[in-house]
Amino acid sequence: MVIKDEREKNIPEDRILLREIVHACVVVRDVEKTARNLSERFGIGPFEVRLKSYPESQASIRGEPVAYTLKFAYARVGPITLELVETVEGRTIYQEFLKEHGEGLHHLGFPTPLPLDEELEKWDRMGIRPLQVSRLDDPEEGWAYMDTQELAGFILEILSFKKYQ
């Protein structure tokens, strides 16, 4: 089977178009331990570790406001950023993933246009809802895990950040 991909120069504003994977995320129980193992055993790294808290005003799971703190570790692997994530505090879909699957590949991240809310509306019109949304201080920017497991076989993360525009 051949799937034709016609690159359009004039993309309709209401069309979703994912053209580049910028990161792959692995859910882990211990970010530092996993980063150390990947670095020492496989030469991946260096990793940059960050702690980030999201208040209820900036985060939700399936539309319900939640607060959580996450620990991330990032390393460049060629053109892709490898992201490790651990839930430090609060309820997240990472915990659901760990319970159901254990540690492993959680999602692939794709840049999308700003603002985040307009991008989420496009997905909603296609019947695809966000599992988890996090916003930055600038309300136009943020990221969302879309409920695409059944549709695509994995979770798609949309990344609406100025750095990708």
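**Strand pairing, helix H1 and the nonpolar cores**

In the predicted model, Pro111 stands opposite Leu159 in strand S10. This facing pair belongs to a wider arrangement, in which S7 and S10 pair in the parallel sense over five bridges. Strand S7 also has a second partner, since S1 and S7 pair in the antiparallel sense over five bridges, and in this pairing Leu108 of S7 is the bridge partner of Ala24. Seven of the eight residues of S7 are buried, and the strand is therefore largely enclosed by the rest of the structure.

Gly104 is found in S7, which covers residues 104-111. With a relative accessible area of 17%, Gly104 counts as buried, because this value lies under the 20% cut-off. When its neighbours within four places in sequence are left aside, Gly104 is in contact with Cys25, Val26, Val27 and Phe97. Ile93 lies 11 residues away from Gly104 along the chain, and the C-alpha atoms of these two residues are separated by 13 Å.

Ser160 has its place in strand S10, which comprises residues 155-160. This serine is buried, its relative accessible area being 0%. A polar atom of the Ser160 side chain lies 3.0 Å from the backbone oxygen of Pro113. Beyond the neighbours within four places in sequence, the residues in contact with Ser160 are Thr112, Pro113, Leu114, Leu116, Glu119, Glu140, Glu141 and Gly142.

Helix H1 consists of 12 residues (residues 31-42), which at 1.5 Å a residue should span 16 Å, and this agrees with the 16 Å that separates its end C-alpha atoms. The buried residues of H1 are Val31, Thr34, Ala35 and Leu38. Seen down the helix axis, these buried residues fall within an arc of 100 degrees, so they line one face of H1. Such a pattern can be followed from helix geometry, because an α-helix has 3.6 residues a turn and residues three or four places apart therefore point the same way. The buried residues of H1 are covered by elements that include strand S2 (48-54), strand S5 (68-77) and strand S6 (80-90), whereas Glu40 and Arg41, on the other side of the helix, are exposed. At the N-terminal end, H1 is capped by Asp30, a side-chain oxygen of which lies 3.2 Å from the backbone nitrogen of Glu32. The helix is followed by Gly43, whose phi is positive, near 75 degrees.

The largest nonpolar core contains 21 residues, of which Tyr54, Tyr68, Leu70, Val85, Tyr94, Trp143 and Tyr145 touch the most other members. Two or more residues of this core come from each of strand S1 (23-27), strand S3 (59-61), S5, helix H2 (93-101), strand S9 (142-146) and S10, and H2 gives the most, with four residues. Among the core members named above, Tyr145 touches Ile93, Tyr94, His106, His107, Arg129, Pro130, Leu131, Gln132, Ile155, Leu156 and Glu157, when residues up to four places away in sequence are not counted. Apart from the largest core lies another core, of 13 residues, among them Ala24, Leu116, Leu120 and Trp123.

Notes. Residues are numbered from 1 along each chain as its sequence is written. This is a predicted model: local features need pLDDT of at least 70, side-chain atom pairs count only at pLDDT 80 or more; totals for chains, interfaces and linings use all residues. Side-chain values use heavy atoms; hydrogens and water are left out. Buried means under 20% relative accessible area, exposed over 50%, partly exposed in between (1.4 Å probe, protein chains only). A polar contact is a pair of N or O atoms within 3.5 Å; within protein, one must be able to donate a hydrogen and the other to accept it, and residues adjacent in sequence count only if both atoms are side-chain atoms. Contact means heavy atoms within 4.5 Å. The expected span of a helix is 1.5 Å times one less than its number of residues. The arc is that of the directions from the helix axis to the C-beta atoms. A nonpolar core is a set of buried Ala, Val, Leu, Ile, Met, Phe, Trp, Tyr and Cys residues joined through side-chain atoms within 4.5 Å. Two strands pair if DSSP finds at least two bridges between them.
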